[in-house]
Amino acid sequence: MAGVDGIAGVDAVSDPSRAGRDPRRASRWAGVVRTPLGLAAVVLTLALLVLAVVAPMLWSADASAVDTDDILAGPSAEHWAGTDNLGRDIVLRTLVATRLSIGLALGATAIAVVVGLVLGTAPLLLGRRAGRAVVAGVNVAVAFPGLLLALFFAVVFGVGATGAVLAVGFAGAPSFARLVQTLVAGVAAHDYVSAARVAGVGELRILVRHVLPNIAEPLIVNATIGAGSALLSFAGLSFLGLGVQAPAYDWGRLLFEGVGSLYVNPAAAFAPGAAVLLAGLALNLLGESAAKAVGVASPGELSVAPRRRRAARATPLPGPAEPDPQADAPDLVLDVRDLHVGFPARDGRVEPVRGVTFAVRRGEAVGIVGESGSGKSLTALAVAQLLDDLADVRAERLDVLGEDLTAPGGESRRHHLGTSLAMVFQDPMSSFNPTTRVGAQLAEVARHHQGMGRREAMDRAVDRLAAVRIDDAERRVRQYPHEFSGGMRQRAMIGMGLMGSPELVIADEPTTALDVTVQQQVLDLLQAIRRADDVALVLISHDVTVVGDVCDRVLVMYAGRVVEDLPATGLTTSARHPYTRALVAAVPTMDTDLDRPLTVIPGRPVDPADVPVGCAYAARCPLASDRCRAEDPPLAGDGTAHRVACWHAGDPIDVDPGGRPLAQVEAT
Amino acid sequence: MSELRFEQVSVRYGRSTVVDGVSLVVPPGEVVGLVGESGSGKSTLARAAVGLAPLHGGSILLDGEPVPLRGRRRPVQMVFQDPFSSLDPRMTIGASIAEAMPRDLDRSARRVEVARLLELVHLDAARADARPAELSGGQRQRVALARALAARPAVVVADEITSALDVSVQGTVLNLVRELQRELGLSMLFISHNLAVVRYVASYVAVMHRGVVVEQGPAAQVLAEPAEPYTRDLLAAVPGSTLRRSHP
């Protein structure tokens, strides 16, 4: 972190994805045929299968018709690839051989899959000790090259088609077993498997009901790719004379025969060779396209790191972009006007941030609160320029530390923001590189941005870790992130931000993953840093009490807009928007009345893809009137620093006779 | 109504002792709040009660008998922390709930029971065919509660069931816990690191620190006059408790 450009691979767009983790499974499989490559693979594979069925019916007799007058002939109009040593047509033989070649490959794949499934799921069913033995056995088997195993099994099972199927099948089983083991272990770690166990569901039933359905997709994909390689293995074995024996013939056998007369008639080897190539390619491409469509990582695929992008200058909208009243202050570190963040969606564009305007003064602490999906994190990421290429950022003004982010920027801006803007994320584990020592990661920032030497940068790292109250910093810099506790990692993360001399710290849910006790330490630390160096702080949280503890001012966001901007001290007493009041009342404190139900906010947050006309909160609001449902209230000030977007700001909210304020049971 | 009693329970992973001789009673029809920070062993203690963590020493008794940790009948049920991980994404919520029901129910009885449980947790019974992805976090957590109740438990263990939820949704789940507990007379072990949450649902509080219960007693007493310095630290850390303290 610290360097805004320092973090690649951060899942920048986490907020909208949290709102809907819908797999949309059916359409994902359909996605295979949507790419040209996938479509070609599907068509090719289907053609192969059809050929495998019909070719022997149509041409079996012709393909074995011996013509002693015309042996080893070259290509001609009658025999496109010539004839073999008994005068049989090679093209026809290649076509007829499709059934046996494909059949053998599928048979071997079936053996590999079944044996792999049995071995791979055994650890789950057998319990810890026996399971460990199976895992060890599979690990040893995986260490042998597949071809070596295939040759070994071919010798064991004897020469011939059956032996070859068993050989290739068993040779493919270990790697499949390993894959299944890994996938099963991943699913078995989920709480729903634990929950089924607690409910008394047996292990076999858990396997069938919970585990297998959840690993089916990657298994199918890998089986398809496996079938492609099995096909090649067969060609190899038959070519070596270990596979199919005469009079039966598959592509490998034809290739073997064709190579014998290579100098007389190259086409005799070319035809079956091309068939092997085409079929192998079709199966592999099908597997790869399916993997891409259903989101299974296949080795060798590069992910594209998100590039930083420049915010486009938005044309000023008529209406609700009244500037933050303090935007005229001379010492602004952040001036955001009418910020919009959009993403391309299936039907056009969704806009999770819809016109956010605020400013932050030097040394000021501003909290941004809202539910998941309110756009609070996206706002922060847009300011830090951490959104990926898909995000479409528009703003009338987006000034960060004096840099106009809507203007084209160069190396100097990167450098400036890299040292003076620090970002702290929710999950400190995933923000550190697990394989590099903490000290080296901190030092890298100083070396990259401040041009310090190795020794100097490391000294600075020790100093900064001490500054974030990590004891024994000298020793700690030599440790890896996993050796730090959660709270300590988060403090180290903040320490990384302090490697430069930040003027602005943006902390996105910095304490959500932490315990209350540790949370307090981290918040105190942020507070201390702010006090010591007059650093501005933007603190994002879903918990209004956390923000109230630390900040001077609180922005409440709902459905991509700021609905209220008020002094933190006024949260419990002078909040005027019904949403803010509900948020405050929803959190139990040590003074909450135990005889009453907690306040809840009925309904669900607004889906960014389906923002209603009028005030977005109207559907959940006890004060909503017809005007609210028709007209969106602007964020308007009252002359003080307090701004609110509500037609009924501050109106009393009826308490129903049951004594439940605001609302009762969440509607479903 | 049943009593769940932990007697000198120890759990070890390898050489590290995670729970060290804990004795704790969940009285019949009462909610006991178990608080402590991550790594204090509170979740491990909960998992031991449902057979997900191996006992190294001591015993866990339900009405004087050892809690059955194998087989079909499981009178102690658990609700997990993360509602995104605790429901099978491929199963309808109705199927997830029905899975925990006693085996002797037939198909139509199960359907009726699923509908009853969904209404009990204030979800529309018509949504039994929905998949977890269609539900919000709070709704999923209510389905998880319904699943735990489907097993007709004597005791429910709730492990940090609101800490993965937005505070705005937390209230719904807490209200539901209190309502269910009162209506059904459930005995409950309610685990949380947030004292304000525990205070709201529990009548007894036990504080765990480094594998040991350092303080326990009636909630009102422990929270008002904590005897241990560690409990006092926890109290000071409750969000909002510093609202009075730190404004420039």
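The exercises below concern a predicted model, and each task is followed by a solution worked in steps.

**Exercise 1. The six-stranded sheet of chain B**

Determine the strand order of the six-stranded open sheet in chain B, and identify its edges.

Solution. Begin with the order, which is β6-β7-β8-β3-β9-β10 in chain B, with mixed pairing. Next consider the ends of that order: β6 (76–79) and β10 (212–218) of chain B each have a single partner strand, so one side of each is left without a neighbour in the sheet. From one strand to the next, the twist averages 20 degrees. Finally, look at one edge in detail, where β6(B) and β7(B) run parallel and are joined by four bridges; within this part of the sheet, B:Gln77 has B:Val156 of β7(B) as its bridge partner.

**Exercise 2. The four-stranded sheet and the helix across it**

Describe the open sheet of four strands in chain B, and then place helix α1 of chain B relative to β1, β2 and β4.

Solution. The strands follow the order β2-β1-β4-β5 in chain B, and their pairing is antiparallel. The edge strands are β2 (16–26) and β5 (65–66) of chain B, each of which pairs on one side only. For the pair formed by β1 (residues 4–13) and β2 of chain B, seven bridges join the two antiparallel strands, and B:Leu4 stands opposite B:Val26 in β2(B). The last step adds helix α1 (residues 42–49) of chain B, which lies across β1, β2 and β4 (57–62) of chain B and runs at about 115 degrees to β1(B).

**Exercise 3. A helix pair**

Classify the packing of helices α3 and α4 of chain B from the angle between their axes, and list the residues that make the contact.

Solution. The axes of α3 (residues 107–120) and α4 (residues 137–150) of chain B come within 9 Å and cross at roughly 130 degrees. Angles over 145 degrees would count as roughly antiparallel and those from 65 to 115 as roughly perpendicular; α3(B) is therefore oblique to α4(B). The crossing in which α3(B) passes α4(B) is right-handed. On the side of α3(B), the contact is made by B:Glu113, B:Leu117, B:Leu118 and B:Leu120, while α4(B) contributes B:Ala146, B:Leu149 and B:Ala150. Sorted by class, the residues of this contact comprise six nonpolar, no polar and one charged.

**Exercise 4. Two domains of chain B**

Work out how domain 1 and domain 2 of chain B meet, with attention to the elements that supply the side of domain 1.

Solution. The domain assignment gives domain 1 as 1–38 + 153–241 and domain 2 as 76–152 of chain B, and their C-alpha centres lie 24 Å apart. The contact takes 17 residues from domain 1 and 19 residues from domain 2 of chain B. On the side of domain 1, β7 (155–159) and α5 (167–184) of chain B each supply at least two residues, and β7(B) gives the most, with five residues. By class, that side of domain 1 has 13 nonpolar, two polar and two charged residues.

**Exercise 5. The interface between the chains**

Analyse the side of chain B that touches chain A by element and by residue class.

Solution. The contact takes 55 residues from chain B and 51 residues from chain A. The elements giving two or more residues to the side of chain B are β6, α4, α5, α6 (195–201) and α8 (229–236) of chain B, and α5(B) gives the most, with six residues. The class count for this side of chain B is 21 nonpolar, 20 polar and 14 charged residues.

How values were computed: Residues are numbered from 1 along each chain as its sequence is written. Chains are lettered from A and ligands numbered from 1 in the order in which they are written. This is a predicted model: local features need pLDDT of at least 70, side-chain atom pairs count only at pLDDT 80 or more; totals for chains, interfaces and linings use all residues. Axes are lines fitted to C-alpha atoms, for helices over the stretch in contact, and angles run from 0 to 180 degrees between N-to-C directions. Angles under 35 degrees count as roughly parallel, over 145 as roughly antiparallel, 65 to 115 as roughly perpendicular and the rest as oblique. A crossing is left-handed if the near helix is turned anticlockwise from the far one by less than a right angle, and right-handed if clockwise. Two residues are in contact if their C-beta atoms, placed from the backbone, lie within 7 Å. Ala, Val, Leu, Ile, Met, Phe, Trp, Tyr, Cys and Pro count as nonpolar, Asp, Glu, Lys and Arg as charged, and the others, Gly among them, as polar. Domain bounds come from an automatic or database domain assignment. Two strands pair if DSSP finds at least two bridges between them.
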